[in-house]
Each structure stands twice: as structure tokens, then as C-alpha cells.
Amino acid sequence: MPLYEVCVAARDFGTGRASKGDVILVRDPISQIGQKEKADFIWIPMDLTEAEAEAIQRAPKRAFRFSRLRDLLDDFDDARSEDPTDEYQPFYNINRRTGRARRRRSQNQNIEPNPNVKPQRRPQSQRGRDNGEL
Amino acid sequence: MASSRTAGTNENISTFGDGTRDYTAISTWEAATDNVLTTSMISEVLECYDDSTPYSMTSIQFAGAATSADYRRILRAAEGHRHNGDPTAGVKFIVTGSPTFGFRLQENFFVLEDIIVTVDNPGGSTTNVVRADLSGDHRLTGVIVIDDAPAQPGSKRGFRIFPNTGTTILRNCAAIGMNDHGFFLSTGTVNADNCTARDNGDVGFNRTSGTITVRNCLSDGSTTADFSGTFDAASTDNASSDATAPGSNPETNQTFTYIAADDPRIANSDVGAQELGADLSADFDDDIAFRTRDVPWDIGCYEASVPTGSGGGGGLAVIYRRRRRS
């Protein structure tokens with residue numbers, strides 16, 4: 001299965017439109033994380049089929065339960081992930097100057113979105129979705 | 001004199017590009033700046049660098065921030081990384097996945113400047129490459145939408161603009177080679193100034209409803225018609241390769257000469273649009289390449305024959321213009 005980079009909001013943002021656990025982005029790996037993308041988001045490498053990647057991109061709000069990340073990564077620190085001053089990226093080693101990201105070996109297995117919620121259409125106020133108008 | 005570009009009040013500038021920049025994805029900047037800007041009293045700006053263009057991305061929707069004419073969100077190419085009218089240069093985004101839109105502006109006062117956008121649409125759906133709706137007062141300047149794969153079954157429209165409030169303004173923008181409309185404008189109030197539609201598969205500038213004003217707009221080689229619909233009476237000095245240029249002082253059935261194929265810039269040798277436009281310097285005074293226009297203005301996004309010192313053109317161009325006037 002191809003590798004994808006899944007970006008998840010690490011905390012609630014200003015207007016509440018993006019909240020902790022929201023999937024912000026699923027992309028082909030570029031192995032680079034921006035200087036301001038380290039503290040606000042958790043980047044997770046995932047081996048997925050194309051259909052799985054698409055389903056995660058369509059995942060509803062708060063699709064990722066951060067408590068489950070601790071099950072998958074023994075030393076996952078939820079408090080650090082919420083700290084806006086902490087460039088906490090438990091799944092990647094990141095070069096501070098170049099932003100180049102290398103996958104950590106300690107990830108136990110693939111991480112899946114909350115299995116209790118199925119992918120669904122987001123309301124039109126959510127990014128990346130269409131309201132059907134043309 | 002005023003530039004066609006928009007500056008926000010108290011700009012907080014972040015950068016987009018590779019890992020040395022602030023952001024490697026537009027959607028992360030969009031999420032992180034989704035704030036009440038009218039309270040924080042800052043404008044959030046994302047300046048894009050062509051570190052590894054074209055950037056492949058999924059569709060992006062800008063919405064949610066509380067904005068005003070002073071405090072707004074702006075996405076623009078960084079200085080030194082602009083295309084300056086050349087569709088093979090500068091910051092370019094390829095939106096993949098047969099999306100129904102590429103960049104969607106759904107936030108009042110959002111500004112998009114000096115980037116190139118194309119869409120990979122092999123799936124057969126209709127894609128509005130740059131779409132603005134359910135909001136208003138957007139500003140689009142120097143944006144080029146180009147179809148790199150017109151043979152794909154998917155229908156691609158360049159600009160689909162239908163605001164529901166305020167006035168959306170497009171200046172010095174270009175739609176090139178789309179297999180559907182270049183500019184599809186409707187519903188609200190839209191002004192298109194000095195925009196260029198070239199070789200589009202349906203209509204160059206299509207107005208179906210709303211108060212749509214086109215000034216100094218150039219449409220060439222559209223399959224159905226260069227201009228279609230009833231435009232506002234303030235429309236003036238437009239040019240077309242067929243008989244459809246609307247408004248006052250239309251230049252119809254013109255032949256245009258360009259710098260290159262699939263390029264919106266008219267050449268110095270052009271006689272179809274050069275020096276045939278209205279002077280709009282009461283509103284703005286520059287072209288897609290950031291060069292100050294001179295009177296008489298050219299129609300379309302690019303001012304041919306601008307002297308060196310205004311950003312390009314060169315001395316020979318000055319000589320040419322003086323000869324034409326003599």
C-alpha cells in the first residue's frame with residue numbers, strides 16, 4: 001500500500017471551524033513539514049489504499065481520537081500535542097532548519113480514524129467539500 | 001495611482017513552499033488562520049514561493065474567518081516568485097482528483113493574487129477551477145487559470161464567480177485553453193477589468209445573471225462566443241475575435257498577436273488590442289506583470305511596450321510605441 005501523510009489538527013482553532021482531531025489534509029508524502037506546521041498539527045504516516053485515503057479525507061470532524069494514538073504509539077503525549085509552543089511530532093524526526101521529515105521507527109501499526117463514525121459529507125462550511133452547486 | 005493588488009491592514013505574513021517555509025500545505029494555513037480577524041485586527045497573508053512548482057494538491061476551500069475590508073486573508077505569490085504573465089513561470093498549483101472546484105473562495109474579502117492554477121480532471125465531472133460564491137467582495141488579481149490537458153473528458157471552467165454580497169473584482173486575470181467557459185460570471189455584482197480569455201472551449205466571458213461589468217477585457221478564439229449575455233451598461237472598451245464584444249467602444253472581429261502559444265500576453269506587434277483600451281487609472285494602474293500601464297491602455301491583462309523601469313518591455317518597445325503614434 002502506498003504511504004500517505006495525514007495531517008490532523010492538534011487543538012481547536014480560532015473560529016472553531018477546525019477542531020482538535022479534524023483531518024486537515026491527506027497527501028502523497030513530500031517528507032517535509034513547514035516551520036509553523038509542527039506545533040499546530042500532528043502529522044501521521046499511514047500506509048493506505050487510495051480508497052482508504054479518500055475515505056479519511058472525507059472523514060467527519062474530530063475523526064481522530066487522540067486517546068487512541070497512545071494505544072498505537074506507547075509514548076504519545078496528548079498534553080504536549082495540545083501545547084501551541086511545543087513542536088511535538090511523535091511520528092516524525094524533523095530537521096529544524098530544512099523541515100525534512102523522516103518517519104520514526106517506533107510507530108507500532110497503522111492508525112485508523114475512529115471506527116465508530118463513518119465518512120460522511122461535511123456541511124458546506126467545511127473545507128474541501130462542495131455543496132453541489134455548479 | 002493605485003495598484004490592482006490589495007494590501008491588508010496590519011499584515012501577518014506567513015510563507016508557503018518547501019520545509020524551510022512556514023507551511024507546506026495551503027490547507028494547514030487555512031485552518032490555522034481561521035480566526036476572527038476583525039477582533040485580532042490583523043490580515044493573514046500567505047506568500048507562496050516556487051520552491052518546487054508545480055504543487056500538487058487537493059481542492060481547497062477558504063471559509064470561516066471573520067473579515068472586513070481592512071482585515072482579511074490574502075494568498076499571493078511572493079515577490080521574485082511571480083509569473084508576471086508567463087504561464088510557464090512562477091507559482092503554479094495542480095489540483096488533482098477530478099474535483100468540482102480547485103480554489104473556492106467562500107469568505108468575504110478574500111484575496112487571491114499572482115498564482116497559476118490548473119486542474120487534473122480525468123473523471124468527467126465539471127470543475128470550476130477558481131470559484132467564488134456564498135460570500136462576496138473577493139479580489140482576484142493576476143491569477144492565471146490554464147488547462148494543461150484539454151483532452152480530458154472532465155469539463156473545466158476557468159473562473160466561476162457568483163457572489164451573493166458586495167462586489168467581486170477581477171483584474172489582470174487570464175483563462176487560457178479551458179474546455180468550457182473561461183469566465184463564468186453571474187448572480188451578484190462582478191467587475192472584470194483588463195482580463196484575458198484565450199482559446200476557451202465554450203464562452204470566453206459568459207454572463208447569465210447579475211450585474212456584470214467588463215472593461216478592457218479581451219476574448220479570443222472561444223468556441224461558442226467570446227462574450228455572451230447582457231453585461232452592465234458601464235461595460236466598455238472590450239475586444240473580441242468575433243462580433244460579440246459588449247459595451248461602449250467595442251473592438252470586434254479583431255486579430256490578436258501574442259508572445260507565445262497558450263500565453264495571455266499580447267506581443268509588441270499586436271494591433272488588435274494594443275492602445276485600444278480605456279484609461280482606468282482612477283481605479284488601478286498596473287498590469288499582470290506589475291508594470292505601470294501607459295496611456296492609451298492596452299486591452300487585456302498585459303500592457304505591451306512598457307518602458308524599462310516599469311518592470312519590463314525594454315527600450316526597443318518604447319521606440320516602437322513612439323513610431324506607432326507618429
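Let's start where the two chains meet: 29 residues from chain A and 30 residues from chain B take part in the contact. Please keep in mind that this is a predicted model. On the chain A side, two elements give two or more residues each to the contact, namely strand E1 (3-9) and strand E2 (23-27). E2(A) has the largest share there, with three residues. And what is the make-up of the chain A side that touches chain B, in nonpolar, polar and charged residues? Ten are nonpolar, ten are polar and nine are charged.

Now over to chain B and its sheet. Here we have an open sheet of eight strands, all in chain B, with parallel pairing. If you'd like to trace it, follow the order E1-E2-E5-E8-E11-E14-E17-E20. Which strands of chain B stand at the edges? They are strand E1 (11-16) and strand E20 (211-215). Each has a single partner strand, so one side of each is left without a neighbour in the sheet. On average, neighbouring strands are turned by 10° against each other, direction ignored.

Let's zoom in on one pair in that sheet. Strand E11 (residues 139-141) and strand E14 (residues 167-171) of chain B run parallel and are joined by three bridges. Within this pair, Leu140(B) stands opposite Leu170(B) in E14(B).

Last stop, the inside. The largest nonpolar core has 101 residues, and Val8(A), Val117(B) and Val145(B) touch the most other members. Take Val117(B): leaving out residues up to four places away in sequence, its contacts include Phe93(B), Val95(B), Phe103(B) and Val145(B). As a general background, nonpolar side chains tend to be buried together in soluble globular proteins.

Technical notes: Residues numbered from 1 in each chain as written. Chains lettered and ligands numbered in written order. Predicted model: local features only at pLDDT ≥ 70, side-chain atom pairs only at ≥ 80, totals over all residues. Core = buried A, V, L, I, M, F, W, Y, C linked by C-beta atoms within 7 Å. Buried ≥ 20, exposed ≤ 12 C-beta atoms within 10 Å, placed from the backbone. Contact = placed C-beta atoms within 7 Å. Helix = DSSP H or I, 4+ residues; strand = E, 2+ residues; numbered from the N terminus. Nonpolar A, V, L, I, M, F, W, Y, C, P; charged D, E, K, R; others polar. Pairing = 2+ DSSP bridges. Axes fitted to C-alpha atoms, helices over the stretch in contact; angles between N-to-C directions.
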